[in-house]
Amino acid sequence: MTLRVLVVEDDREIRAMMQSALSVEGFAVQTAVSINEAQALLHHALPDVLVLDLGLPDGDGLELVRAVRKQHTLPILIVSARHQEAQKIQLLDAGADDYLVKPFSVGELLARIRVALRHRGTALAAAVTVHALDDLTIDLNTRVVQCRGEPVHLTPTEFKLLARLVRSAGRVVTHRQLLRDVWGPEFTEQTHYLRLYMGQLRAKIEREPSEPRHLLTETGVGYRLAVV
Ligand code: CA
């Protein structure tokens, strides 16, 4: 089955780069240069993934995220310029699945699209319960975490935090989401809990805790469990 991607981007070079990269990977690519054009295309036929620039000539991509989310569950991946970083949390709250900050590589774009599609797929089928990357294996069913072939002993809270990231592997999870899901809704402002427990997890899992390869920091937003 050919997956269809709608790329909404007004910058001609970036649009052409994404179009050719996605076509080479076998996606059927449509492009739009404005919110109006995107809405017309979405109305006509729904793609499997929406890749959306934020700064568009007729408005902000955030408006389109909100409009699309009222009706559809397709994955939405934001590509934003660095000065738009402050909007990340707003975008995730509005229903965007993830974001990439320009400049990004073709490899990053493809990896994020795959992750977004997989999460939408698994939300409908079974949830992800095993995560393996390089020297790290996490099995949520057996609650066994192994690092470089050795079992890692985690406290119940450390395990809960790691498990929450496994369930969203490859995607950013905001501080609020982590605090709510691991500690509870009354703890969503306690970001120091997260810093503390993330430090403990990194000390147990990462080869170089100060240069994490698995538990990545998304500055000002949250954390991401690496999948590549
Ligand atoms: Ca733009």
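# Briefing: a calcium site, a hairpin and salt bridges

S80 is buried, with a relative accessible area of 2%. This residue belongs to strand 6 (residues 76-80). The model is a predicted one. Beyond neighbours within four places in sequence, S80 is in contact with L54, L100, V101 and K102.

**Calcium site**

- Three protein residues act as donors to the calcium ion: D10 (OD), D53 (OD) and G55 (O). They lie 2.2 to 2.4 Å from the ion.
- D10 and D53 come from distant parts of the chain, 43 residues apart. D10 sits in the loop between strand 1 (4-8) and helix 1 (12-24), while D53 is in strand 3 (residues 49-53).
- The spacing of the donor residues in sequence is D-x42-D-x1-G.
- D10 is partly exposed, at a relative accessible area of 34%. D53 is buried, at 3%.

**Strands 8 and 9**

- Strand 8 (residues 130-133) runs antiparallel to strand 9 (residues 136-139), and 4 bridges join them.
- The two strands form a hairpin with 2 residues between them. In the turn, D134 has a positive phi of about 50°.
- A132 of strand 8 stands opposite T137 in strand 9.
- In a regular strand, side chains alternate between the two faces of the sheet.
- In strand 8, H131 and L133 make up the covered face. V130 and A132 make up the uncovered face.

**Salt bridges**

- The whole structure holds 16 salt bridges.
- Side chains of opposite charge can pair when their charged atoms come close.
- D48 and R4 meet in one of these, at 3.5 Å from N to O. D48 lies in the loop between helix 2 (35-44) and strand 3, and R4 lies in strand 1, 44 residues apart. R4 is partly exposed, with a relative accessible area of 37%.
- D97 and R69 also form a salt bridge, at 2.9 Å from N to O. D97 is in the loop between helix 4 (88-94) and strand 7 (98-101) and R69 is in helix 3 (residues 61-69), so the pair ties together parts 28 residues apart in sequence. Both residues, D97 and R69, are buried.
- D135 pairs with R207, with the closest N and O atoms 3.6 Å apart. D135 lies in the loop between strand 8 and strand 9 and R207 in the loop between helix 8 (191-205) and strand 13 (215-218), so this salt bridge ties together parts 72 residues apart in sequence.
- D135 counts as buried because its relative accessibility is 18%, and buried means under 20%. R207 is exposed, at 59%.
- A network of salt bridges links D98, R112, E218 and R224.

Technical notes: Residues are numbered from 1 along each chain as its sequence is written. This is a predicted model: local features need pLDDT of at least 70, side-chain atom pairs count only at pLDDT 80 or more; totals for chains, interfaces and linings use all residues. Side-chain values use heavy atoms; hydrogens and water are left out. Donors are N, O and S atoms within 2.8 Å of the metal (3.2 Å for Na, K and Ca); water is not among the atoms, so sites may look incomplete. Buried means under 20% relative accessible area, exposed over 50%, partly exposed in between (1.4 Å probe, protein chains only). Two strands pair if DSSP finds at least two bridges between them. Contact means heavy atoms within 4.5 Å. A salt bridge is a side-chain nitrogen of Lys or Arg within 4 Å of a carboxyl oxygen of Asp or Glu.
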